[in-house]
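Here are a few notes to read alongside the model. Have a look at the structure first, then work through the points below.

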Amino acid sequence: MGTIGSEIVLKSVALMTGIPSEARVCPSDKKGLRFHFNEKLIEADIDNVVSTEHCTVIGNSEIKVMLIEHFMAACAICKIDSLDVYLSHFELPILGGGSKEWVDTFNSAGIVNPDNKKCFVKEPVYYLNGKTHLIVLPSDNLNVTYSVNFNHKDLKNRWVSLNTEKIDEITEARTFGYLNELEMLQKAGYARGASLENTLGLTDEGYTSELKSEFEPIKHKILDLIGDFYLAGCNILNFKGEIAVKEAGHTVHTIVAKELRNKIILEE
């Protein structure tokens, strides 16, 4: 079981609610990633997903935890599967808008017994619906390609493939959205913690801040995919297979992840 060597604390504003949020993350010798809030507990599990509107939310009748995908991606990247997370707010801190701060802090705390066991599928798993698809195929090697067709001059019919040797470009990729939709989203109760530091705004001319790497928004989509799939126990960084995604999001990620759960095979 992969965990961290010592307790860590990270805090910032929460992206959706705009409320300050603190996460105290503790090592565990019990397998599973568990969130604690108001003395209630919920496990990071694909069966506990209750919403995928704007972010991935897990919950039940007693507890809800929002925007877990960046944390989950960091755990997958660091091969961590055993933690207890104590929250001051039901939404995780957004930090820099990606997973970099989580990954850096996990590494600083030390990663104990990282889970490097490879996983694979023997048959295709897929979702096809008009312009949207997500296909997982058996293969001897990992290849992930994510394509988008956004209403933006740089992001029309663009695709990016995951390069594990440049994983930092994935972890640092910020959440993003159209600047002209921000006011509408905030009136609806979303993106109230968005800032130039944690969110990349898409404008008619380009972006609200300098890109951290080329096609940063597509790399953030790959980050979300890593986090959402990890809810089903599929660590893309340990996966042997082909994954092709076109114009998808959290909803499609989690639909396919649920199907994957019963088809993933761990190597002996």
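**Notes on the model**

H152 touches L202, T203, G206 and Y207, not counting its neighbours within four places in sequence; contact here means heavy atoms within 4.5 Å. Before the rest, bear in mind that this is a predicted model, where local features need pLDDT of at least 70 and side-chain atom pairs count only at pLDDT 80 or more, while totals for chains, interfaces and linings use all residues. Residues are numbered from 1 along each chain as its sequence is written, and side-chain values use heavy atoms, with hydrogens and water left out.

1. Where does H152 sit? Look in the loop between β14 (143-148) and β15 (158-161); helices (H or I, at least four residues) and strands (E, at least two) are DSSP runs, numbered from the N terminus. H152 counts as buried because its relative accessibility is 3%, and buried means under 20% relative accessible area (1.4 Å probe, protein chains only), with exposed over 50% and partly exposed in between.

2. On to the cysteines. The whole structure has 0 disulfides, a disulfide being a pair of cysteine sulfur atoms within 2.5 Å. C55 is in none, and the nearest cysteine sulfur, that of C75, is 17 Å away. C55 is also buried, at 1% relative accessible area.

3. Why is C119 not bonded to C234? The sulfur of C234 is the closest cysteine sulfur to that of C119, but the 4.7 Å between them is too far for a bond. Like C55, which is buried, C119 is buried, with a relative accessible area of 2%.

4. Now the open sheet: 5 strands run in the order β2-β3-β9-β4-β5, with mixed pairing. Two strands pair if DSSP finds at least two bridges between them. The edges are β2 (8-13) and β5 (40-43), each pairing on one side only. From one strand to the next, the twist averages 20°.

5. Zooming in on one pair, β3 (residues 20-27) and β9 (residues 82-87) are antiparallel over 5 bridges. Opposite P27 you'll find L83 in β9.

6. Which strands does α2 lie across? They are β2, β3 and β9, and the helix runs at about 165° to β2. Axes are lines fitted to C-alpha atoms, for helices over the stretch in contact, and angles run from 0 to 180 degrees between N-to-C directions.

7. A last look at α2 (residues 100-109): its buried residues are W102, V103, T105, F106 and A109. Just after the helix, G110 takes a positive phi of about 90°.
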